[in-house]
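I opened my notebook to look at how some cysteines and threonines sit in a protein. Here are my entries, in the order I looked things up.

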Amino acid sequence: TASTSYALTGLASGTAYNWMVNAVCASGTSANSTVLNFTTTAVATCGTPTGNATSAITTTGATLSWTAVSGATSYNVQYKLASAATYTSVSTASTSYALTGLASGTAYNWRVSAVCASGTSANSTVLNFTTTTIATCGTPSGNATSSITTTGATFSWTAVSGATSYNVQYKLASAATYTSVST
């Protein structure tokens with residue numbers, strides 16, 4: 001260059017470089033100057049999402065949420081069975097994601113990363129949750145037999161919370177199989 005400065009471009013971000021200069025005259029080239037060092041600035045990446053929380057846990061789903069990251073255009077949510085090695089990834093522009101279609105009574109792990117124009121952040125801390133177990137009916141108790149006649153009897157039991165019906169089974173004492181009726 002004929003100038004006393006030169007704007008160097010196309011360098012790698014966050015990288016150390018050395019430089020020196022020499023003068024070219026009609027009579028020849030000078031010795032090299034002192035070597036100077038510099039490091040290009042690193043590209044700012046997205047911040048890592050924090051404030052992760054799991055809520056609204058049901059038998060088949062859960063809501064995952066985190067604090068917004070400045071400059072983020074979207075988020076990569078990753079979740080997996082706690083016993084699995086690989087994550088399933090989904091993308092969302094929101095700071096929460098509702099997982100559905102999960103197995104009842106099962107442990108899961110999840111994490112999230114932010115996506116910005118400058119790149120993708122590191123993954124957040126991994127959070128764990130377990131879906132709730134499908135509730136089963138309690139077993140009827142307080143069974144009693146009353147109003148026994150020559151051709152019938154009345155069966156009764158204590159109500160079970162949440163029961164929508166009952167299956168009554170009866171048989172001859174000498175028989176092997178029961179007859180079932182729903183009530």
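Are cysteine 46 and cysteine 116 buried or exposed? I checked, and both cysteine 46 and cysteine 116 turn out to be buried. A note to myself: this is a predicted model.

**Entry: the disulfide**

Next I looked for sulfur pairs. I found 1 disulfide, and it joins cysteine 46 to cysteine 116, with 1.6 Å from S to S. I reminded myself that a disulfide is a covalent bond between the sulfur atoms of two cysteines.

Then I asked where the two partners of this link sit. Cysteine 46 is in the loop between β4 (36-39) and β5 (53-55), while cysteine 116 belongs to strand β10, residues 107-116. The two cysteines are 70 residues apart, so I wrote down that the pair links distant parts of the chain. I also looked up the twist: the link of cysteine 46 and cysteine 116 is right-handed, with 140° about the S-S bond.

**Entry: two more cysteines**

Why does cysteine 25 count as partly exposed? Its relative accessibility is 46%, and partly exposed covers values between 20% and 50%. Cysteine 137 counts as exposed because its relative accessible area is 54%, and exposed means over 50%.

**Entry: the nonpolar core**

I turned to the largest nonpolar core and found that it has 17 residues. Leu64, Trp66, Trp110 and Phe129 are the ones with the most contacts inside this core. Which strands each supply at least two residues of the core? I listed β6 (62-65), β7 (72-81), β10 and β12 (127-130). The largest share, 5 residues, comes from β10.

**Entry: two threonines in one loop**

I found threonine 106 in the loop between β9 (96-99) and β10, and threonine 100 lies in the loop between β9 and β10 as well.

What does the side chain of threonine 106 reach? I traced it to the backbone oxygen of alanine 103, at 3.4 Å. Leaving aside neighbours within four places in sequence, threonine 106 is in contact with Leu81, Phe129, Thr130 and Thr131. Phe129 was already in my notes, as one of the core residues with the most contacts.

Threonine 100 counts as exposed because its relative accessibility is 63%. Not counting residues up to four places away in sequence, threonine 100 touches Thr60 and Gly61. I also looked up threonine 63, which is 37 residues from threonine 100 along the chain. The C-alpha atoms of threonine 100 and threonine 63 are separated by 8.8 Å.

Methods:
Residues numbered from 1 in each chain as written. Predicted model: local features only at pLDDT ≥ 70, side-chain atom pairs only at ≥ 80, totals over all residues. Heavy atoms only, no water. Disulfide = S-S within 2.5 Å. Helix = DSSP H or I, 4+ residues; strand = E, 2+ residues; numbered from the N terminus. Buried < 20%, exposed > 50% of the residue type's maximum accessible area, 1.4 Å probe, protein only. Core = buried A, V, L, I, M, F, W, Y, C linked by side-chain atoms within 4.5 Å. Polar contact = N/O pair within 3.5 Å; in protein donor to acceptor, adjacent residues only side chain to side chain. Contact = heavy atoms within 4.5 Å.
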